[in-house]
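Visitor: I should like to learn how the features of a structural model are read. Could we go through one together?

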Amino acid sequence: MRREQARAEAAFLRGDAGVDGRATDEETRDEAEVEKDKAREQLFRGRTYLGREFLTWLLWRSESTAAVTALEDVDVEVIFTGRLTLRGLAGDVVELVARGAAAPYAEQVRRALDVGLLVHQARLRITHGEQVFEATLDAEFLDVRAAKLPELLTEEEDDRLLERLALTGKLSALVDALVGTFLEIRASPTWRRKVVPAMKAWMGEPGAAEKASKDVEAPSGRPARAGRRVG
Amino acid sequence: MPVLGGAVTFSRFHAEHARKPPSDLRRWISRALASNAFEPLDPRRAEEDRAVGFVELEDPDATEFAGVLQGEYALFAWRVDAIKVRAAAVKAEVERWIAAETAEKGHPPGKREKAERREIVRQQLRQKAEPISKTHDVSWNLESGQVAIWAASRKVVEEAAAAIEAAFEVRLHPVTPGAAAARAELPEKALLPTAELVGVGAAARPEVDHEA
């Protein structure tokens, strides 16, 4: 009894309990609020949101299977394959991961995109002429992870090293070309006027992809080809 | 050694020189790397648990950097050695000592004695531990200015990048959409978050472009 009384007095002196012995109302932050603040901080840090808009735009563009851009006059085609990580601020959800061979193009993913969970990390297959690369890119740093390069053609060890380095340089250049095309559109009035509404339509409605691809003009004023998504 | 084979994972940077590099690139690179060459941990120095520095790409123990240039690339590595003493191992040893002391003296040792013993045990285990050594390749295309740090850990990437900046007197700019936009001098107004996509509140929205 005396020991319990001593414990209660100690708790009171520490401020852990009130006069009535009940726990005091500490100003503790809700865990969900802390999580949301972290998500918000990451969104703006280093303009990560631009990286997420880029990968989300790229997902939208890739659905048409037409070339997204060109490098050295050769078309660059992109397909999203396998795992996709979405991040953002959508109510209480700050991250969703979609897995499955066709998961990136699933309606569930589009619904999540529609509420602000944008592509944060994705596995891409990038085709440039006869060369096929695969890589996982993230929105914050555009680090290249677990890339697969085309098979090396040279036999000599020193030459193979340089060829491998050249291929990683080519992969970097392809990513830069995709980013460059995105930024050109992003900085133009076409972005808000046409591209964003088309992307939202694609996210929000089943079968919206076909409709969206015919509605968007290229930034340079070239009319869209039938079935080709431009913008 | 990922550059030579294996997993292809790297962080990309663009190098901006404070001054034009000298014409003797090999000498310039060798001297810069030597200025922060790796030195092994001295197990006798208790305060050192980690050592970092540049090493040759194909030999993590070599710091001559004679063959650092290959074609248009400078190739080297960032080595990180660390001594780690497992907390569980320290705890087990201390508990054995506590049991022995208690049996001998009839009472357990005090708090301060335990703390002192813990530090002694940690140092003893540290003396016996082998450093864990990791190297992370760096490839620098001297023509395009692109630097790739072949590491998966962001902490290592940032540490190696800072060391390269200091050794070579360059700025390493990350190759992100934000950085690319800044280099292209795109207007700030065009770079604010797209509210319709990211879902942030009105405070983050750009001014309405009435011409759009």
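**Reading helices, chains and their contact**

Guide: Let us begin with a helix in this predicted model. Helix H6 (residues 189-204) of chain A has 16 residues, which at 1.5 Å a residue should span 22 Å; its end C-alpha atoms are 22 Å apart, so the expected and computed spans agree.

Visitor: At which residue does H6(A) bend, and by about how many degrees?

Guide: The bend is at Val195(A) and amounts to about 35 degrees. A proline, Pro197(A), follows within four residues.

Visitor: Which residues of H6(A) are buried?

Guide: A general idea helps first. An α-helix has 3.6 residues a turn, so residues three or four places apart point the same way. In H6(A), the buried residues are Thr190(A), Trp191(A), Lys194(A), Val195(A), Val196(A), Ala198(A), Met199(A), Trp202(A) and Met203(A). Val195(A), where the helix bends, is thus one of the buried residues.

Visitor: Does H2(A) lie largely in the open or is it largely buried, and why?

Guide: Of the 14 residues of H2(A), the number buried is 1, so this helix lies largely in the open. H2(A) covers residues 31-44, and its 14 residues should span 20 Å at 1.5 Å a residue; the end C-alpha atoms are 20 Å apart, which agrees. Just after this helix, Gly46(A) adopts a positive phi of about 60 degrees.

Visitor: Which residues other than glycine have a positive phi?

Guide: Two cases may be cited, one from each chain. Glu72(A) has a positive phi of about 55 degrees although it is not a glycine. Its place is the loop between strand E1 (69-71) and strand E2 (74-90) of chain A. Because exposure is judged by counting neighbours, with 12 or fewer taken as exposed, Glu72(A) counts as exposed with 10 C-beta neighbours inside 10 Å. In chain B, Glu169(B) has a positive phi near 55 degrees. Glu169(B) sits in the loop between helix H4 (154-168) and strand E7 (170-174) of chain B, and it is exposed, with 12 other C-beta atoms within 10 Å.

Visitor: How many helices and strands are there in each chain?

Guide: Chain A has 7 helices and 6 strands, in the sequence pattern α-α-α-β-β-β-α-β-β-β-α-α-α. Buried residues make up 35% of its 231 residues. Chain B has 6 helices and 7 strands, in the pattern β-α-β-β-β-α-α-β-β-α-β-α-α. The radius of gyration of chain B is 25 Å, well over the 17 Å that the globule rule gives for 212 residues, so chain B is more spread out than a compact globule. Its C-alpha atoms fill a box of roughly 85 × 55 × 30 Å along the principal axes, and buried residues make up 27% of the 212.

Visitor: How many residues does each chain bring to the contact, and which elements of chain B supply them?

Guide: Chain A gives 40 residues and chain B gives 35. On the side of chain B that touches chain A, at least two residues each come from strand E1 (8-17), strand E5 (132-141), strand E6 (146-150), helix H5 (177-183) and helix H6 (195-198). E1(B) has the largest share, 5 residues. By type, this side of chain B divides into 20 nonpolar, 11 polar and 4 charged residues.

Visitor: Which strand of chain A is joined to E1(B), and do the two run parallel or antiparallel?

Guide: Strand E6 (residues 144-148) of chain A is joined to E1(B) by 2 bridges, and the strands run antiparallel. Within this pairing, Ala147(A) stands opposite Val8(B).

Methods
Residues numbered from 1 in each chain as written. Chains lettered and ligands numbered in written order. Predicted model: local features only at pLDDT ≥ 70, side-chain atom pairs only at ≥ 80, totals over all residues. Expected span 1.5 Å × (residues − 1). Buried ≥ 20, exposed ≤ 12 C-beta atoms within 10 Å, placed from the backbone. Contact = placed C-beta atoms within 7 Å. Nonpolar A, V, L, I, M, F, W, Y, C, P; charged D, E, K, R; others polar. Pairing = 2+ DSSP bridges. Rg over C-alpha atoms; globule rule 2.2 N^0.38 Å. Bend = angle between axes of the 7 residues up to and from the residue.
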